[in-house]
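Welcome! Here is a short tour of a few spots in this protein, with the structure to look at as you read.

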Amino acid sequence: PVPRFGTGPISPGENTVRFTSSVPRPAQWSAEKPNLYRLRLKLRQGDRLLETIERTIGFRRVSVRGSQLCVNGRRAKLAGACRHELDPLTGRADTARHAEGDVKLLKAANLNYIRTAHYPPTRELLDAADRLGMYVEVEAPFCWVGNDANPEHLRAVLTPTSAMVDYHHSHPSVILWSLANESQFNPLFEASAQLARDLEDPEYRKRFEA
């Protein structure tokens with residue numbers, strides 16, 4: 001049977017509605033076994049259906065034990081490559097249509113890991129990675145940043161970093177966040193690293209959205 005959950009009445013003007021539910025013993029997601037579930041949200045006004053939103057979701061846990069990366073409690077060995085959003089004929093204007101094909105080509109080459117060099121990817125790429133089974137490192141859009149400690153530049157670092165995490169965090173294929181490409185680790189990136197950790201914390205998200 002398909003589990004169903006309701007939020008109860010929603011007052012006019014409410015921007016955030018939160019409810020929790022448990023899924024007993026879900027089939028876990030990994031690159032080897034990309035188990036996915038279908039989440040369907042419906043907004044009703046009385047008996048009238050106003051809107052339906054559907055998403056695929058996966059259940060997986062990423063942890064670090066010493067220097068070992070684990071997915072669902074098992075050691076994960078990453079074999080991958082960098083990927084650019086680029087088409088030789090159309091540039092970056094029409095790359096989403098290559099997403100599934102690129103993931104299939106990488107899997108056929110016995111790879112299980114993509115680094116999005118050097119910026120966040122299209123949603124189509126992560127949808128394909130979720131569905132086909134591919135680990136992804138999503139990289140923030142920063143390159144060749146020096147030892148910048150100017151606090152006036154902090155907002156310019158935190159804003160795209162938080163947008164990256166907020167937009168992509170629900171994809172089970174995303175297991176790593178990259179703060180920048182070929183840059184010096186400076187106090188601004190130290191703050192953005194902490195922000196990424198905080199945004200991954202459900203308790204912090206509750207406080208942030210409140």
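Let's begin with Ser-173 and its surroundings in this predicted model. Leaving aside neighbours within four places in sequence, Ser-173 is in contact with Trp-29, Leu-126, Ala-129, Asp-130, Met-134, Tyr-135 and Val-136. Ser-173 itself sits in the loop that runs between α3 (154-168) and β9 (174-178). Its relative accessible area is 0%, so Ser-173 counts as buried, the cut-off being under 20%.

Among those partners, Leu-126, Ala-129 and Asp-130 also appear in the buried set of helix α2 (residues 123-132), which consists of Leu-125, Leu-126, Ala-128, Ala-129 and Asp-130. What do the buried residues of α2 pack against? Their partners are β6 (80-83), α1 (99-108), β7 (113-116), β8 (135-139), α3 and β9. After α2 comes Gly-133, which has a positive phi near 95°.

Now follow the chain into strand β9, where you will find another serine, Ser-178. With a relative accessible area of 8%, Ser-178 is buried too. A polar atom of the Ser-178 side chain lies 3.4 Å from the backbone oxygen of Ala-180. Not counting residues up to four places away in sequence, Ser-178 touches Glu-137, Val-138, Glu-139, Ala-140 and Met-164.

Here are the two serines side by side:

| Residue | Location | Relative accessible area |
|---|---|---|
| Ser-173 | loop between α3 and β9 | 0% |
| Ser-178 | strand β9 | 8% |

Conventions. Residues numbered from 1 in each chain as written. Predicted model: local features only at pLDDT ≥ 70, side-chain atom pairs only at ≥ 80, totals over all residues. Heavy atoms only, no water. Helix = DSSP H or I, 4+ residues; strand = E, 2+ residues; numbered from the N terminus. Buried < 20%, exposed > 50% of the residue type's maximum accessible area, 1.4 Å probe, protein only. Contact = heavy atoms within 4.5 Å. Polar contact = N/O pair within 3.5 Å; in protein donor to acceptor, adjacent residues only side chain to side chain.
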